Amino acid sequence: MGSSQKDLAAVLKDFDSVYVVTPGSEDRAKLALNAIHAAKDAGVKYTLVLSVLTADLTDTIFGKQFTPVEKEIKTIGLKSYGIVRLPLFMDNFYAAAQSIKEQGTMYDPRNPNKVFTPIAVQDVGKASADILANPKAHHNKTYKLVMPSFTLQQLVQAFGETLKKPINVTTVPYPAAKEAFMGLGFPEWQVDGIMELFHLIDEDSKVTNETSKEHVNDFIKITGEKPMTMTEWVEANAAGFQ
């Protein structure tokens with residue numbers, strides 16, 4: 001998506017659908033808008049864009065990035081579009097793999113008894129593929145992809161049962177968590193955005209615990225199947241934590 005709008009439009013003119021996987025770079029709003037306008041210029045019939053659950057929270061880092069993206073999608077005159085709003089990924093827990101393997105604990109700043117609704121990356125791919133396979137059924141729709149809610153305490157219990165050893169949560173201060181994420185190579189702006197999401201979880205925000213009747217079953221509506229649960233994800237990924 002680093003190409004010019006004109007160059008991208010030239011590439012996209014022979015395609016019916018475009019899938020805009022918004023990148024993790026700080027200028028991702030600019031890059032996503034470039035791709036969306038290119039899709040319009042190319043006359044693409046359907047444009048599917050990945051967004052975030054906090055797109056309506058303009059006082060957050062990720063919200064500020066995605067609010068203009070979603071607004072532009074809806075107003076520039078695309079033939080047809082779809083928006084998939086995403087929460088935190090289950091796969092991010094691989095960041096705790098080493099401490100779970102070596103110390104039997106997961107370090108995290110969040111209250112371990114607060115519920116939240118992430119999603120497995122593989123389910124994002126499945127839902128997106130199903131939308132693109134039949135875009136007419138998803139004309140101008142906005143979806144939120146989440147798995148059933150759980151707490152960190154329930155997560156480590158599932159790890160313990162699957163790995164056959166005690167696993168617990170060690171709650172750490174937010175500044176220490178930020179430092180640890182940056183030590184893993186995450187840029188500061190992105191870490192600050194993640195910490196905002198963690199705070200929303202601690203505050204019992206409905207944004208990070210999506211259970212509304214309107215959207216809680218969006219994955220089922222799209223695919224006809226249930227999303228992977230937390231326990232299923234732990235069992236499927238156990239080898240990475242042993």
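In the predicted model, Arg 110 lies over the face of Phe 116, at 5.0 Å from the ring centre. Phe 116 counts as buried because its relative accessibility is 3%. A second contact of this kind involves Arg 28, whose charged end sits over the ring of Phe 62, 4.9 Å from the ring centre. Phe 62 falls within the residue range of helix α3, residues 61-75.

The ring of Phe 116 also takes part in an aromatic interaction. The count of aromatic pairs in the model comes to eight. One of these joins Phe 116 and Phe 150 in a tilted arrangement, with 4.8 Å from centre to centre and 55 degrees between the planes. The two partners come from distant parts of the chain, 34 residues apart: Phe 116 belongs to the loop between β4 (105-108) and α5 (121-133), whereas Phe 150 belongs to the loop between β5 and α6 (152-163). Phe 150, with a relative accessibility of 2%, is likewise counted as buried. A further pair is formed by Trp 233 and Phe 241, which is classed as edge-to-face because the planes stand at 70 degrees, with the ring centres 6.0 Å apart. Both Trp 233 and Phe 241 are buried. These two residues belong, together with Tyr 94 and Phe 159, to one aromatic cluster.

The loop that carries Phe 150 also holds Thr 151, placed between β5 and α6. Thr 151 is buried, its relative accessible area being 8%. Leaving aside residues up to four places away in sequence, Thr 151 touches Pro 112, Asn 113, Lys 114, Val 115 and Phe 116. Phe 116 is thus a contact of Thr 151 as well as the ring partner of Phe 150.

Arg 110 is in turn approached by Phe 198, a residue of helix α8 (residues 188-202). Phe 198 and Arg 110 are separated by 88 residues in sequence, yet their C-alpha atoms are 6.1 Å apart in space. With residues up to four places away in sequence left out, the contacts of Phe 198 are Leu 88, Asp 108, Pro 109, Arg 110, Tyr 174 and Phe 181. At 4% relative accessibility, Phe 198 counts as buried.

Strand β3, residues 81-86, is mostly covered, with six of its six residues buried. In a regular strand the side chains alternate between the two faces of the sheet. In β3, Tyr 81, Ile 83 and Arg 85 point one way, while Gly 82, Val 84 and Leu 86 point the other way, and all are buried. The strand is paired with two others. With strand β2 (residues 46-52), β3 pairs in the parallel sense over six bridges, and Val 84 is the bridge partner of Leu 50. Strand β5 (residues 141-144) runs parallel to β3 and is joined to it by four bridges; here Val 84 has Tyr 143 as its bridge partner. Val 84 is therefore bridged to residues of both neighbouring strands, because a bridge is assigned to Leu 50 and another to Tyr 143. The connection from β2 to β3 passes through helix α3, and the three elements make a right-handed β-α-β unit.Backbone torsions stand out at two positions. Most residues other than glycine have a negative phi, and most peptide bonds are trans. Lys 164, which is not a glycine, has a positive phi near 65 degrees. This residue is found in the loop between α6 and β6 (168-171), and Lys 164 is exposed, with a relative accessible area of 72%. Asp 204 has a positive phi as well, of about 60 degrees, although it is not a glycine. Asp 204 lies in the loop between α8 and α9 (218-223).

For the chain as a whole, the secondary structure comes to 10 helices and six strands. The radius of gyration is 19 Å, close to the 18 Å given by the globule rule for 242 residues, so the chain is as compact as a globular protein of that length. Taken along the principal axes, the C-alpha atoms fill a box of roughly 55 × 35 × 30 Å. Of the 242 residues, 49% are buried. Among contacts between residues at least 6 apart in sequence, 79% join residues at least 24 apart.

Note on methods:
Residues numbered from 1 in each chain as written. Predicted model: local features only at pLDDT ≥ 70, side-chain atom pairs only at ≥ 80, totals over all residues. Heavy atoms only, no water. Buried < 20%, exposed > 50% of the residue type's maximum accessible area, 1.4 Å probe, protein only. Pairing = 2+ DSSP bridges. Right-handed = clockwise from strand over helix to strand, strands pointing away. Phe/Tyr/Trp six-rings, centres within 6.5 Å; stacked < 30°, edge-to-face > 60°. Lys NZ or Arg CZ within 6 Å of the ring centre and 35° of its normal. Rg over C-alpha atoms; globule rule 2.2 N^0.38 Å. Contact = heavy atoms within 4.5 Å.
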